[in-house]
Amino acid sequence: CVFVGNKSSSAGKVCVVVGREIMLVTEEVQEAVVSHFGLQVKKISALGSCQDLNFKLKTVDGKVYVIKYTNPSVSIEDVHFQHSVKKYLSTSEDANNTEFPGPLQRSDEQDKTTVQQLIATQPYTMHILSYVDGELLSDFAYLPEDTLEDFGVKMAALAKALAAYPHPIVSREGEWDMRQSVQMCAKHAHSIANLEERASLLHMA
């Protein structure tokens, strides 16, 4: 389990901790940001994530970005695929009312958007995205009907835009692909401890 937070013994520095070992501190992140992307750092703070290492970056000129260290289980090809999808959606007429985070080009190698960096012997893919400000829907106890309706409209627009996305990797099978949802529900149903809820899921699947 990876924890991103402040470790008291590190003089307030933001650290990435596995067990009791400090894997990464903000100085290392800042060095990579400056040397590979040419940004002048004002502040780096930790952001939460279920599997990646994420940081919020504020630069001297007032711009805000997200620094991502992608989980080693995700290939660099998948990261480039994510970048391609974001770029495609940002130019799609079907999704023109939605703002998408875009990858930042490296300053030292301008045809690249990623950096391979070893953290505790594990190969992480570092990349920087533009920051999209907003609030998480999951933070609200209640969502009004017009918010849910707007959310549905945006999801439909994204689905329509992606229906014509011309990338060969789209045809692959993956656990996050809704086309595989029935198989994935059956595969992971054993992780639901409540037998009644498990049976209900399997019935739907």
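**Why these labels? A Q and A on a predicted model**

This is a predicted model, and the secondary structure of the protein chain comes to five helices and eight strands. Going along the sequence, they follow the pattern β-β-β-α-β-β-β-α-β-β-α-α-α.

Q: How do you know that D94 and K160 form a salt bridge?
A: Their side chains meet at 3.6 Å, N to O. The cut-off is 4 Å between a side-chain nitrogen of Lys or Arg and a carboxyl oxygen of Asp or Glu, so this pair is in. In general, side chains of opposite charge can pair when their charged atoms come close.

Q: What makes the pair of D94 and K160 a tie between parts of the chain?
A: D94 sits in the loop between α2 (76-90) and β7 (114-119), while K160 belongs to helix α3, so the bridge links parts that are 66 residues apart in sequence.

Q: Why is K160 called exposed, and what is D94 called?
A: Exposed means over 50% relative accessible area, and K160 has 56%, so K160 passes. D94 comes in at 34%, which falls between the 20% and 50% limits, so D94 is partly exposed.

Q: How do you know that D108 and R106 form a salt bridge?
A: The closest N and O atoms of the two are 2.9 Å apart, and that is within 4 Å, so the label holds.

Q: Is R106 buried or exposed, and why?
A: R106 is buried, because its relative accessibility is 8% and the buried class is anything under 20%. Its partner D108 has 36%, so D108 lands in the partly exposed class.

Q: What makes K112 and E109 a salt bridge?
A: Again the closest N and O atoms decide: they are 3.1 Å apart, which is within 4 Å, so the pair counts. K112 is partly exposed at 36%, and E109 is partly exposed at 31%. Salt bridges that share partners join R106, D108, E109 and K112 into one network. Searching the whole structure turns up five salt bridges.

Q: Why is D139 called exposed, and where is it found?
A: D139 has 59% relative accessibility, and the exposed class starts over 50%, so D139 qualifies. You'll find D139 in the loop between β8 (122-130) and α3 (145-162).

Q: What makes the patch of E99, D133, E135 and D139 negative?
A: Asp and Glu count as negative, and the patch is made of E99, D133, E135 and D139, so the label follows.

Q: Why is the patch of L137, F151 and M155 called nonpolar?
A: Leu, Phe and Met are on the list of nonpolar side chains, so L137, F151 and M155 fit. Together they offer about 250 Å² of accessible area. L137 is in the loop between β8 and α3. With 35% relative accessible area, L137 clears the over-30% bar for patches, yet it is partly exposed because it stays under the exposed limit of 50%.

Q: Why is A186 called partly exposed?
A: A186 has a relative accessible area of 46%, between 20% and 50%, so partly exposed is the right class. A186 lies in helix α4 (residues 181-188). Its C-alpha atom is separated by 9.6 Å from that of H203, 17 residues away along the chain.

Q: How many residues of the protein chain are buried?
A: Buried residues make up 31% of the 205 residues. The accessible surface comes to about 13,700 Å², with 54% belonging to carbon and sulfur atoms.

Technical notes:
Residues are numbered from 1 along each chain as its sequence is written. This is a predicted model: local features need pLDDT of at least 70, side-chain atom pairs count only at pLDDT 80 or more; totals for chains, interfaces and linings use all residues. Side-chain values use heavy atoms; hydrogens and water are left out. Patches are made of residues with over 30% relative accessible area and no salt bridge: like charges are joined within 9 Å, nonpolar side chains (Val, Leu, Ile, Met, Phe, Trp, Tyr) within 5 Å. Accessible areas come from the Shrake-Rupley method with a 1.4 Å probe; for residues, only the protein chains shown count as cover. The place of a charge is taken as NZ of Lys, CZ of Arg, CG of Asp or CD of Glu. Helices (H or I, at least four residues) and strands (E, at least two) are DSSP runs, numbered from the N terminus. Buried means under 20% relative accessible area, exposed over 50%, partly exposed in between (1.4 Å probe, protein chains only).
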